[in-house]
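Let's take a look at how pieces of a protein fit together, and at the gaps that get left behind. Have the sequence and the 3D view handy as you read.

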Amino acid sequence: MRKNLVKINLPGGMVSAGDLYGILDAAEKAGVENVRFGNRQQIIFYVEEAKLEVLKQDLMAADIMFELDADIHPNIISAYAIEDVFYHADWLREGVYKDILDLFDYRPQLKINLVDNNQTFFPFFTGNLNFIASGTSNYWYLYIRFPKTNILYAWPSLVYSEDIPGLSSAIESAIFDNKEQFYDQPAIEGSVLHRLVTAGGNFVVQPVTEALKLPDFKLPYYEGFNRYGSKLWLGIYRRDELFSVTFLKDVCRICLKTRVGQLYTTPWKSIIIKGIELADRDVWDVVLCRHRINVRHASNELNWQVEDLCDYGLELKNYLVRKFNEEDVRTYRLCFAIKTQPKTGLFGSIVIRTQQQHLQGMEPGDERFEVLHTREFNPNSKDYICFRKDVSRQELSASLIELCNLFYEMQGEPELMTGAVYLEEDTAAENEEQPTHQVYQCRNCFTIYDEEQGDALNHIAAGTPFETLAIYNCPTCDAPKADFMPAELETLLMGKA
């Protein structure tokens, strides 16, 4: 029987226990047994076509907006789920997030991220409009990642909190009205968009006096019961991504009974419940036992991103995690993404990408993969470096383990981190002299400027000679162009020919 996909946005990843119970109750009446949470903190599930009308009536009666077999309006994500439990924001509290979200009087078609600059749990640049809190109260950096591209443009001024909805609307209108300039284009001039938007609006701004500095990536363990202050928070992850409706309804009942106001979804497809009283721990244990919920998975299973509703990617992830466990692989400070479709904004320092679609007449196990990592293994970068190509499923775990080991070897040698050389195993070529080409290296942090690749963070296209840059600053430490020195780098060999 045909099933329809239902998607419900939870703005900012926050949902009251009462509202979530209403969604679950409507889903249960329509015969839904399990729901999932997506990479953008939304709730998604399938419903049989025969039960669809009942579900639609119940959701509309509860004033719950939803999309049917569509994803035209991406959810606005926020990092509030982890505030207080993993870190303490300087000024960015729940009230600020909620005030901003309440001011949105339209349904965005671009992906919008609202995150603090001190955390590493939420991605910074997976949205199209990425608002990142600055050190100045109620002001944000804005980085635009143009739709269907990895081109980043840094808005030249800080944005005031209350202007975020209006500015987002103005930017979205300008992009969609001028797709030939700003949508899915190989080269885009962000300054043109800035002039277009600011000419038609009056926004409160502050100058950017300090470059955005992001913390080193460390994914905190986000499962189980954990104490903060005088209370507990609980994180729940499901290996198959499925949360049973009956379990979540029990969770909502406990929240309502013990006055826990909200639940939070995360980009790791898990949920977090904050504000649990110590005296209520036993009540939660009873429900977890009743539904046989395991809340202590290995850390090297929790740091993976898979496309939403992708059973193939999920099966591959679980296969690779088993291989990692067999080899006792360390993955601290790394995260992984499995991409089966082009231009899906996943978050990962190591990326496994299918070279050929497994559905196109291929037998299971015959797929070929490409293994990549981001420059300096920064999961917020969109600058990918190929480690291996044409990797079989049988060889995949070995290639990933080799890359993980290489990451830890590089920790004490920053020059390797910025200019890695990858050689396929070829005994005939071991003694051959490797070709070199000139690059420019920051003498402070060893970041490489390679003319062949350009610099996406500074909006410099590939093929731009270093000498032609009138002004240039290091994307890592903000050092000036004068601090870059010529260097010879062995040519990267991107896997097998």
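## The gap inside and a helix pair

Strand S18 gives the largest cavity the largest share of its lining, namely three residues. Keep in mind that this is a predicted model.

So how many cavities of 30 Å³ or more does a search of the whole structure find? There are three of them, and the largest holds about 90 Å³ of space. Its lining is made up of 14 residues. Want to find its centre? Look for Glu241, Trp268, Lys269, Trp304 and Lys317, the lining residues that lie nearest to that point. Sorted by class, the lining has seven nonpolar residues, six charged ones and one polar one.

Here are the elements that each supply at least two residues of that lining:

| Element | Residues |
|---|---|
| Helix H9 | 299–302 |
| Strand S18 | 304–306 |
| Helix H10 | 311–327 |

Now for the helix pair. Two packed helices are described by the angle between their axes and how far apart those axes are. Helix H4 (residues 164–177) packs against helix H6 (residues 190–199) at an angle of about 120°, and their axes are 10 Å apart. Because of that angle, H4 counts as oblique to H6. The crossing of the two is right-handed.

Which residues meet where H4 and H6 touch? From H4 come Leu167, Ala170, Ile171, Ala174 and Ile175, while H6 brings Leu193, Leu196 and Val197. In this contact of H4 with H6, eight residues are nonpolar, with no polar and no charged ones.

Key:
Residues are numbered from 1 along each chain as its sequence is written. This is a predicted model: local features need pLDDT of at least 70, side-chain atom pairs count only at pLDDT 80 or more; totals for chains, interfaces and linings use all residues. Side-chain values use heavy atoms; hydrogens and water are left out. Axes are lines fitted to C-alpha atoms, for helices over the stretch in contact, and angles run from 0 to 180 degrees between N-to-C directions. Helices (H or I, at least four residues) and strands (E, at least two) are DSSP runs, numbered from the N terminus. Angles under 35 degrees count as roughly parallel, over 145 as roughly antiparallel, 65 to 115 as roughly perpendicular and the rest as oblique. A crossing is left-handed if the near helix is turned anticlockwise from the far one by less than a right angle, and right-handed if clockwise. Contact means heavy atoms within 4.5 Å. Ala, Val, Leu, Ile, Met, Phe, Trp, Tyr, Cys and Pro count as nonpolar, Asp, Glu, Lys and Arg as charged, and the others, Gly among them, as polar. On a 1 Å grid over the protein atoms alone, a cavity is a set of points where a 1.4 Å probe fits but cannot get out, and a pocket is an open set with protein on both sides within 12 Å along at least five of seven lines; lining residues have an atom within 4 Å of a point. Grid points are joined across faces, edges and corners, and a volume is the space filled by probe spheres set on the points.
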